[in-house]
Amino acid sequence: MLRHLARAVVQLAPLLVICLTVIPVPFGYRISAAAGGLLLALMFSVAYMTETTEHRVAKAGFEAGTAARLREERTEKAREERLAPYRRDGAGSWD
């Protein structure tokens, strides 16, 4: 998630620099416009993060759905590891 947000900030950086340096209005207005634009862009970036990631994975030559499958596998493995201490040798199971 942090990599995705960092990528979005890097893509917005030129526009933010232009907004802060070129526009002939008081500096407070420029700061608020840049901050508002950055906030709105990051909100949209987070909202479409899954779809964007899938698109980039498909562009790289992998099958569609590969990223979602890997995410699910990683989540399941983490869940199993988190629950493992409670399930050793049948301890704690109601099976």
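In the predicted model, Glu76 and Arg79 lie three residues apart in helix α4, and they are therefore separated by about one helical turn. A salt bridge joins Glu76 to Arg79, and the closest N and O atoms are 2.9 Å apart. Glu76 has a relative accessible area of 32% and is partly exposed. Arg79, at 35% relative accessibility, also counts as partly exposed, because a residue is placed in this class when its value falls between the 20% and 50% limits.

A second pair in helix α4 consists of Glu73 and Arg69. The side chains of these two residues meet in a salt bridge with an N to O distance of 3.2 Å. Glu73 and Arg69 are four residues apart in the helix, so about one helical turn separates them. Glu73 is partly exposed at 43% relative accessibility, and Arg69 is likewise partly exposed at 43%.

The count of salt bridges comes to three. Besides the two pairs described above, Arg71 forms a salt bridge with Glu54, in which the closest N and O atoms are 3.6 Å apart. This pair links distant parts of the chain, as Arg71 belongs to helix α4 and Glu54 to helix α3, with their positions 17 residues apart in the numbering. Arg71 is partly exposed, with a relative accessible area of 29%. Glu54, in contrast, counts as buried, because its relative accessibility of 17% falls under the 20% limit.

The surroundings of Glu54 extend beyond its salt-bridge partner. When residues up to four places away in sequence are not counted, Glu54 touches Ala64, Gly65, Thr66, Ala67, Ala68 and Arg71. For one of these residues, Gly65, the separation can be stated between backbone positions: the C-alpha atoms of Glu54 and Gly65 are 6.6 Å apart, although the two residues are eleven places apart along the chain.

Glu54 also takes part in the packing of helix α3 against helix α4. Two packed helices are described by the angle between their axes and the distance between the axes. Helix α3 comprises residues 49-59 and helix α4 residues 66-83; their axes come within 8 Å and cross at roughly 115°. On the side of α3, the contact is made by Thr50, Thr53, Glu54 and Val57, while α4 contributes Thr66, Ala67, Ala68 and Arg71. Sorted by class, the residues of this contact are three nonpolar, three polar and two charged. The residues that form the salt bridge between the two helices, Arg71 and Glu54, are thus found among those that make the helix contact.

Elsewhere in the chain, Ser45 offers a further example of a buried residue. Ser45 lies in helix α2 and has a relative accessible area of 13%, so that it is classed as buried. Leaving aside its neighbours within four places in sequence, Ser45 is in contact with His4, Leu5 and Ala8.

A nonpolar patch is present on the surface. Leu15, Ile18, Val22, Ile23, Val25 and Tyr29 make up this patch, which covers about 590 Å². One of its members, Ile23, is situated in the loop between α1 (2-21) and α2 (27-47). Ile23 is partly exposed, with a relative accessible area of 37%. Another member, Tyr29, lies in helix α2. Tyr29 is classed as exposed, because its relative accessible area of 56% is over the 50% limit. The C-alpha atoms of Tyr29 and Cys19 are separated by 9.8 Å, and these two residues are ten places apart along the chain.

These local features belong to a protein that contains four helices and zero strands. Read along the sequence, its elements follow the pattern α-α-α-α. The protein has 95 residues, of which 15% count as buried. Among contacts between residues at least 6 apart in sequence, 40% join residues at least 24 apart. The protein exposes about 7800 Å², and carbon and sulfur atoms supply 66% of this area.

Note on methods:
Residues are numbered from 1 along each chain as its sequence is written. This is a predicted model: local features need pLDDT of at least 70, side-chain atom pairs count only at pLDDT 80 or more; totals for chains, interfaces and linings use all residues. Side-chain values use heavy atoms; hydrogens and water are left out. Axes are lines fitted to C-alpha atoms, for helices over the stretch in contact, and angles run from 0 to 180 degrees between N-to-C directions. Contact means heavy atoms within 4.5 Å. Ala, Val, Leu, Ile, Met, Phe, Trp, Tyr, Cys and Pro count as nonpolar, Asp, Glu, Lys and Arg as charged, and the others, Gly among them, as polar. Patches are made of residues with over 30% relative accessible area and no salt bridge: like charges are joined within 9 Å, nonpolar side chains (Val, Leu, Ile, Met, Phe, Trp, Tyr) within 5 Å. Accessible areas come from the Shrake-Rupley method with a 1.4 Å probe; for residues, only the protein chains shown count as cover. A salt bridge is a side-chain nitrogen of Lys or Arg within 4 Å of a carboxyl oxygen of Asp or Glu. Buried means under 20% relative accessible area, exposed over 50%, partly exposed in between (1.4 Å probe, protein chains only).
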